[in-house]
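Please examine the sequence and the three-dimensional structure shown below. The paragraphs that follow lead through selected parts of it.

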Amino acid sequence: MIKKLLIMAFLIGGIAMGADYRKNPFTLAYDGAITENVKGKVNIQTVHYKANGVDVVANVYTPANFNPNNKYPAIVVAHPNGGVKEQVAGLYAQKLAEQGYVTIAFDAAYQGGSGGTPRYVDKPANRMEDIRAAADYISQFKGVDANRLGLLGICGGGGYSIKVAETDKRFKVVATVSMFNTGDVRRNGYNRTQMDTIQARLKDASDARAQEAAGGEVRYTPSFAANMTKEQVAALPFDLYREGYEYYGQTHFHPNSQANSTVSSLIDLMGFDTTQMWI
């Protein structure tokens with residue numbers, strides 16, 4: 001299973017073309033997405049469950065000729081920071097279902113179509129619990145073999161997946177695509193470009209939390225590439241940010257996808273690090 005999952009992750013990474021979410025009945029924003037459930041083919045269904053008391057919405061993809069009386073391996077797919085299940089996570093979930101897996105792509109709590117307030121709270125502990133809750137749900141899905149459960153994390157979801165897999169031994173295999181160490185980048189800046197402002201940014205995040213606790217307005221980080229022209233985005237110094245803007249803001253745009261967070265979330269984000277293994 002691990003070899004097959006890694007090969008699929010590699011192959012799918014090169015075919016992520018975009019599509020207009022408004023033209024898809026499931027609002028899927030990737031090329032080749034399911035438009036209807038057809039007997040004998042990969043099907044999709046939207047499900048709801050709780051993650052640490054928060055309502056979560058997810059899409060479950062079942063393989064062609066799925067028979068709930070049989071037992072299938074399953075894969076939890078964790079989306080990137082700011083992403084939603086209708087984007088790249090759904091693409092991987094669908095393609096893996098085409099290979100015979102039952103897959104689940106979910107929206108993180110406080111984000112996307114899932115519940116939770118304030119909106120866009122983005123804390124590593126929550127994101128890790130989201131993954132565990134998805135495992136809870138899909139392990140009990142009729143037709144799933146809970147002893148053959150895998151985990152695929154994309155970008156920021158990859159970093160959280162690695163941390164979850166350290167301790168949650170229900171996952172027999174874990175793979176990542178373009179894994180992003182969210183904590184390191186939030187703390188030090190991309191390519192270590194913000195190391196001289198760590199304490200100032202932590203102070204700002206602490207002030208934001210104090211303001212929330214006092215009943216004040218919730219502060220948010222700027223939306224990704226907010227108020228930037230295409231020319232300004234093209235002039236950004238890092239390929240990662242340029243390509244991210246094109247993906248989330250243009251080719252695979254979805255209204256539920258927001259790349260910002262509460263400023264107070266930075267207290268937790270800046271203290272997180274995927275590479276700090278405890279084992």
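Phe 141 has a relative accessibility of 13% and therefore counts as buried, since the cut-off for that term is under 20%. This residue belongs to a predicted model. Tyr 137, with a relative accessibility of 24%, counts as partly exposed.

Aromatic rings deserve a closer look. A pair of such rings is described by two quantities, the distance of the centres and the angle of the planes. In this model, seven aromatic pairs are counted. One of them joins Tyr 137 and Phe 141: the ring centres are 6.4 Å apart and the planes meet at 50 degrees, so the pair is tilted. Both residues belong to one aromatic cluster, together with Tyr 49, Phe 66 and Tyr 72. Another pair consists of Tyr 160 and Phe 272, whose centres lie 5.3 Å apart with planes at 45 degrees, so this pair is tilted. Tyr 160 is part of helix α4 (residues 156-167), while Phe 272 is in the segment after α9 (266-269); the pair therefore ties together parts 112 residues apart in sequence. Tyr 160 is buried, at a relative accessible area of 1%, and Phe 272 counts as buried at 9% relative accessibility.

The next element is helix α3 (124-139). What span should its 16 residues have at 1.5 Å a residue? The expected value is 22 Å, and the end C-alpha atoms are 23 Å apart, which agrees. Among the buried residues of α3 are Met 128, Ile 131, Ala 134, Ala 135 and Ile 138.

Before α3 comes the loop that connects it to β4 (102-106), and Ser 114 is found there. Is Ser 114 buried or exposed? Its relative accessibility is 5%, so Ser 114 counts as buried. Leaving aside residues up to four places away in sequence, Ser 114 touches Asp 55, Val 56, Val 57, Asp 107, Ala 108, Ala 109 and Arg 119. Its side chain reaches the backbone oxygen of Asp 107 at 2.8 Å. Arg 119, one of the residues that Ser 114 touches, lies over the face of Tyr 120, at 5.6 Å from the ring centre.

Finally, strands β1 (residues 43-51) and β2 (residues 54-62) pair in the antiparallel sense over nine bridges. Ile 44 has Tyr 61 in β2 as its bridge partner. Two residues stand between the strands of this hairpin, in which Asn 52 takes a positive phi near 55 degrees.

Terms used
Residues are numbered from 1 along each chain as its sequence is written. This is a predicted model: local features need pLDDT of at least 70, side-chain atom pairs count only at pLDDT 80 or more; totals for chains, interfaces and linings use all residues. Side-chain values use heavy atoms; hydrogens and water are left out. Helices (H or I, at least four residues) and strands (E, at least two) are DSSP runs, numbered from the N terminus. Buried means under 20% relative accessible area, exposed over 50%, partly exposed in between (1.4 Å probe, protein chains only). Contact means heavy atoms within 4.5 Å. A polar contact is a pair of N or O atoms within 3.5 Å; within protein, one must be able to donate a hydrogen and the other to accept it, and residues adjacent in sequence count only if both atoms are side-chain atoms. The expected span of a helix is 1.5 Å times one less than its number of residues. Two strands pair if DSSP finds at least two bridges between them. Rings of Phe, Tyr and Trp (its six-membered ring) pair if their centres lie within 6.5 Å; planes under 30 degrees apart count as stacked, over 60 as edge-to-face and the rest as tilted. A charge sits over a ring if NZ of Lys or CZ of Arg is within 6 Å of the ring centre and within 35 degrees of the ring normal.
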